[in-house]
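Welcome! Take a moment to look at the sequence and turn the model around before reading on.

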Amino acid sequence: MISPTWAFQAELASAQILLAQDENQSAYSQLRATEIEHSGNPEYDYWLGVAALRAGESSHALMALDRAILRQPNHAGARIERVAALVQLDQLGNAEREIKQLQALSPPPDAQAAIARFQAVIEQHLQAKNGPQHQGLLGVDIGYDSNPQQFPNEIAISPPQRFLDAIEELRKQASELGIEVDEDSIPQTQVLNRDASTYQRLQGNYQGLFPIDSQSRWRISTTGQAQRYTEMTAQDYDLTLIQAQLGYQRDLASQRTVMLKSSALQGWSGRSQNHLLTRWGSGVDLRHPFGLGSELTWQLDAQHNRFSAANNNYDMGRLGVQLDTNHTALRTRLTAQIEHEWATGDRDGGDLQHLLLGAGIDYPLSDRHLFRVNLNHRIRTYQEDGFAPFNEYSPTARRDRIWQARLSWLHQFNTDWLLEAGAEVERRRSSINFFDMRRYQTQLALRYLF
C-alpha cells in the first residue's frame with residue numbers, strides 16, 4: 001500500500017514542478033492521464049483543476065474543482081480556483097456567490113487579497129458586459145482567381161444540328177433563286193474561354209452591442225465590400241456588397257442564448273456596377289453548451305431574393321446546426337445545413353434543394369499564430385428539367401456536387417493588426433457536363449481591428 005501512495009505523491013509533485021515552470025499543458029496532460037484512477041481524491045482533483053485552468057480548459061477545471069469541494073467543502077484553495085474558472089467561463093453570478101462562500105471561511109490575508117482582485121475583475125467584466133461595446137475592421141486584400149467566370153476550360157455553344165440543317169436547306173433554295181445570303185446572319189458556334197485574373201478587395205465591418213438589461217441586448221452589424229478584377233475579361237464579375245443586420249439576443253437558463261435577427265443586403269456587379277441583387281432576411285439562432293467545452297448552435301433562416309434579371313428570383317428557407325468543440329490543442333467545427341429555394345419566376349430548373357456538410361479546424365501555433373482549415377461538400381439538386389441550351393437542346397435534370405477546401409494562416413501582430421494568407425480550391429461536378437468546373441484562389445489580406 002505504501003508504494004502506490006508514494007507513486008501518487010510523486011506524480012503530484014512532478015505536476016507541481018511543471019506548473020512552477022509554466023509548463024501548464026504538460027502538467028495538465030500528465031494529470032488527466034490518471035483521472036479515472038484518482039478522481040474523487042480531493043488533493044488530486046484540486047491539482048487537476050489548477051492544471052486544467054492554467055492550460056485553458058476552464059470547463060474541465062470546474063468539474064475537477066467541484067469534486068474536490070464536494071469531498072472537502074472548506075477547501076479554500078479549491079474555492080479560489082473555482083472563482084477563477086467561473087470568471088473565465090463568464091459565469092459572473094456564480095463567481096460572486098462562490099466569493100461569499102469563501103468570505104464565510106474567514107480566509108487568511110493572502111486569500112483575502114486574491115478575493116479582492118477577483119472582485120475587481122468581476123466588476124470590470126460586469127461594467128463591460130452591461131455597457132455598449134463596439135468592434136470594427138478595415139481590410140485590404142490582394143489575390144489571384146483562376147476562374148472568375150466559373151467556366152470549364154473551354155465552352156462551345158452550338159445551335160442544334162436540326163436547326164443548322166434547316167438553315168443549310170434554306171440557303172440552297174435561296175442560292176437557286178439567286179438570292180444573296182448574308183453569312184454573318186447565320187448562327188455560328190460560340191467558344192468561350194475562362195480567363196484568370198488578379199483582384200483587389202476592400203472591406204469594412206462594424207459590430208455593436210447595446211445592452212437592454214442584464215439578460216438581453218441589441219446586436220447591430222454592418223458590412224461593406226468591393227472587389228475588382230484587373231483583367232478586362234473578368235471585370236463583368238466585379239462585385240460590391242452592402243449588408244446590415246439587427247438582432248435581439250436574450251440569455252436563457254443553463255447558459256443558453258437565443259437571438260432573433262433581420263437583415264438587408266444590396267449588391268451591384270459588372271464594370272458599370274449595375275444593380276444585381278436585393279435581399280431581405282430574418283432568422284433565429286439558439287446556442288447552448290453541449291458536453292465538455294462544446295457549443296451547439298441551431299439556425300433557422302428565411303430570405304427573399306430579387307435580382308435585376310427577374311427569372312433568377314427566389315425565396316429561400318434554411319435549417320442548420322453547428323457544433324463547436326474546444327480540444328486540448330485545437331478547435332473543431334462541424335456544420336450541416338439544408339436549404340430549399342422556391343423559384344418565383346421562370347428560373348431554369350425551377351426550385352432547388354441544397355445540402356451542405358462542412359468541417360473546420362483551428363490549430364493555434366501560439367497566442368499570435370493560427371492555422372485554419374475548412375472543408376465543405378455541397379449537393380445542389382434542381383427540381384425540374386431544364387438547361388436545354390447546355391445539353392444539346394434537350395431539357396434534363398441537373399444535380400451538382402461541389403467540393404471546397406480552404407487553408408489559411410493568420411498572424412496577429414498586436415491588438416490592432418491582423419495578417420492573413422489563404423488558398424482555396426473548388427471542384428464542381430454536374431450531371432450536365434457543361435457545368436463541370438475547377439477553380440482555385442490565393443489571397444493575402446491585411447486588416448486593421450479597432
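To sort residues by class, Ala, Val, Leu, Ile, Met, Phe, Trp, Tyr, Cys and Pro count as nonpolar, Asp, Glu, Lys and Arg as charged, and the others, Gly among them, as polar. This is a predicted model, in which local features need pLDDT of at least 70 and side-chain atom pairs count only at pLDDT 80 or more, while totals for chains, interfaces and linings use all residues. Residues are numbered from 1 along each chain as its sequence is written, and side-chain values use heavy atoms, with hydrogens and water left out.

**Empty spaces**

Rolling a probe the size of a water molecule over the atoms shows where empty space is left. On a 1 Å grid over the protein atoms alone, a cavity is a set of points where a 1.4 Å probe fits but cannot get out; a pocket is an open set with protein on both sides within 12 Å along at least five of seven lines; lining residues have an atom within 4 Å of a point. Grid points are joined across faces, edges and corners, and a volume is the space filled by probe spheres set on the points.

The structure holds 1 cavity of 30 Å³ or more, and the largest cavity has a volume of about 30 Å³. Its lining is made of Gln-249, Thr-257, Val-258, Met-259, Asp-285 and Arg-287. Strand E7 (257-269) and strand E8 (274-289) each give two or more residues to this lining; strands (E, at least two residues) and helices (H or I, at least four) are DSSP runs, numbered from the N terminus. E7 has the largest share, with 3 residues. By class, the lining of the largest cavity divides into 2 nonpolar, 2 polar and 2 charged residues.

Now for the second largest pocket, which has a volume of about 280 Å³. Of the 14 residues that line this pocket, Pro-364, Ser-366, Asp-367, His-369 and Leu-370 lie nearest its centre. Strand E13 (369-382) and strand E14 (399-412) are the elements that give two or more residues to its lining, and E13 gives the most, with 3. The lining of this pocket has 7 nonpolar, 3 polar and 4 charged residues.

**Buried or exposed?**

Buried means under 20% relative accessible area, exposed over 50%, and partly exposed in between (1.4 Å probe, protein chains only). Here are some residues to find in the model:

| Residue | Place | Relative accessible area |
|---|---|---|
| Leu-296 | strand E9 (294-307) | 12%, buried |
| Ala-55 | loop between helix H4 (42-54) and helix H5 (58-71) | 18%, buried |
| Gln-150 | loop between E1 and strand E2 (154-157) | 30%, partly exposed |
| Tyr-448 | strand E16 | 30%, partly exposed |
| Ser-254 | loop between strand E6 (239-251) and E7 | 60%, exposed |

How far apart are the C-alpha atoms of Ala-55 and Thr-328? They are separated by 8.3 Å, although the two residues are 273 residues apart along the chain. For Leu-296 and Leu-334, 38 residues apart along the chain, the C-alpha separation is 9.7 Å.

Two of the loop residues have another feature to look for. Gln-150 is not a glycine, yet its phi is positive, near 55 degrees. Ser-254, also not a glycine, has a positive phi of about 60 degrees.
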